[in-house]
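Student: I would like to practise reading a protein model feature by feature. Can we go from the sheet and its helices to single residues?

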Amino acid sequence: MQSGISASQELVSQFNTLLSDESVFGLLVTITSETLTPVTTLPSSGDFAADVAQLAPHLKADEPLYVLLRRYGGGAPLPNLVAVTYVPDAAKVRQKMLFASTRLTLVRELGSEHFRETIFATAADELSAAGFDRHDAHNDLEAPLTEEERSLGAVKRAEAEAGAGTGVRQIHLSKTMDMPIAADALASLSALGREEGSGLVMLKINPETEVVELVPDSSTPSTISELVQAISPTEPRFTFFRYKATPPRGGDEKSVVLFFYTCPSTAANKGIKFRMMYPLTKRAVLTVAESEAGVKVEKKFEVEEPSEITEQTVLSDLFPEAETKTAFRRPKRPGR
């Protein structure tokens, strides 16, 4: 979902104004047609509590929003901005996933060096003066973290790894990002990469430890419809499936690995913050599968409900119809 989304020129221009003009307190941003666009700016009075109160009419109960604020001033060292991702529980699932998975894109497009911290909020009262006070008090109890570490829960996962011993592998992805994955999950992915095993690997995130775990399953689907029956209709899943695909218009069968990210819109999803772990972790899971387990993914699919996955959709992506070009025909002369 994050692919292709970028900042509009208008947003970049208004953000530069926020950086240079201290009379501007905040900039509100949304996503329009896969582009990050400005909504409005907020003036500064010099008093943070009074200025942040201006947010209230813009924070809808069912609409996500990005909020960029001048949080630190008065001679405070740079950077002095904070980026808030506001994703209310009542928003549509697709919007939740889109805004959560694009939050890092927003910061990187505008320049991460301009932001002292990023915040993820699900309720309007978190973006009040009292809400920011609670946030500051909570941060005082924790060591400073990078955005990637905060997004993926590196602290909790490091504790989980220590407690789990050799049952969890900590995969180092970059200077600031690690991902813990259960050893049996990594072993199953490796078997899939070697074209061994059942051909099906389903992964989930443990909401307590944030470790990527293997979903126990004994099914051996060979068709897309059988695969759909195996995927949970109530909880998010990362699913890798080796599929023997036959071109619908004839041709040789080929064996491919497909990746499905499903996130059902049900009450069993345990709250927005749990669901947001999945889009934030998806890229890391794919990186581990490809670089650590040797799995070559042919196609990736993202849907809410497993029932949206159909053989027709899969085959049309695997074997797109060739564009038919019609030869130019010179028009006949009048009278002939």
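Student: Which strands does helix α3 lie across?

Tutor: First, a caution: this is a predicted model. Helix α3, residues 93-110, lies across β1, β2, β3, β4, β5 and β6. Its direction runs at about 35° to β4.

Student: In what order do the six strands of that open sheet stand?

Tutor: Strands of a sheet pair through backbone hydrogen bonds, either parallel or antiparallel. Here the order is β1-β3-β2-β4-β5-β6, and the pairing is mixed. The edges are β1 (6-7) and β6 (115-121), each of which pairs on one side only.

Student: How many bridges join β5 to β6, and do the two run parallel or antiparallel?

Tutor: Strand β5, residues 81-86, is joined to β6 by six bridges, and the two run parallel. To find the register, look at Y86, which stands opposite A121 in β6.

Student: Which strands of the sheet does α1 touch?

Tutor: Helix α1 packs on the sheet and touches β1, β2 (24-32), β3 (35-43), β4 (65-70), β5 and β6. The direction of α1 makes about 165° with that of β2.

Student: How does the span of α1 stand against the expected value?

Tutor: A helix can be checked by its rise for each residue. Helix α1 covers residues 9-20, 12 residues in total, and reaches 17 Å from its first C-alpha to its last. That is close to the 16 Å expected at 1.5 Å a residue.

Student: Which residues of α1 are buried?

Tutor: Buried here means under 20% relative accessible area, and exposed means over 50%. In α1, L11, F15 and L18 are buried. They lie on the same side of α1, because they cover an arc of only 50° around the axis. On the other side of α1, Q9 and S20 are exposed.

Student: Let us move on to β11. Is this strand mostly covered or uncovered?

Tutor: Strand β11, residues 237-245, is mostly covered, with eight of its nine residues buried.

Student: How many bridges join β11 to β9, and how many join it to β12?

Tutor: Take each partner in turn. Strand β9, residues 200-205, is joined to β11 by four bridges, and these two run antiparallel. V201 has F240 of β11 as its bridge partner. Strand β12, residues 254-262, is joined to β11 by nine bridges, again antiparallel. There, T239 has F260 of β12 as its bridge partner.

Student: What is the sign of phi at S33?

Tutor: The backbone is read here through its phi angle. S33 has a positive phi of about 50° although it is not a glycine. S33 sits in the loop between β2 and β3. With a relative accessibility of 69%, S33 counts as exposed.

Student: Where is E195 found, and is it buried or exposed?

Tutor: E195 is in the loop between α7 (183-193) and β9. Its relative accessibility is 56%, so E195 counts as exposed. E195 is not a glycine either, and its phi is positive, about 60°.

Student: To finish, what are the totals for the protein as a whole?

Tutor: The protein has 10 helices and 13 strands. Of its 336 residues, 45% count as buried. Among contacts with a separation of 6 or more, 63% are between residues 24 or more positions apart. The protein exposes about 17400 Å², and carbon and sulfur atoms supply 49% of that area.

Notes. Residues numbered from 1 in each chain as written. Predicted model: local features only at pLDDT ≥ 70, side-chain atom pairs only at ≥ 80, totals over all residues. Heavy atoms only, no water. Buried < 20%, exposed > 50% of the residue type's maximum accessible area, 1.4 Å probe, protein only. Contact = heavy atoms within 4.5 Å. Areas by Shrake-Rupley, 256 points an atom, 1.4 Å probe, with all protein chains shown as cover. Expected span 1.5 Å × (residues − 1). Arc of directions from axis to C-beta. Pairing = 2+ DSSP bridges. Axes fitted to C-alpha atoms, helices over the stretch in contact; angles between N-to-C directions.
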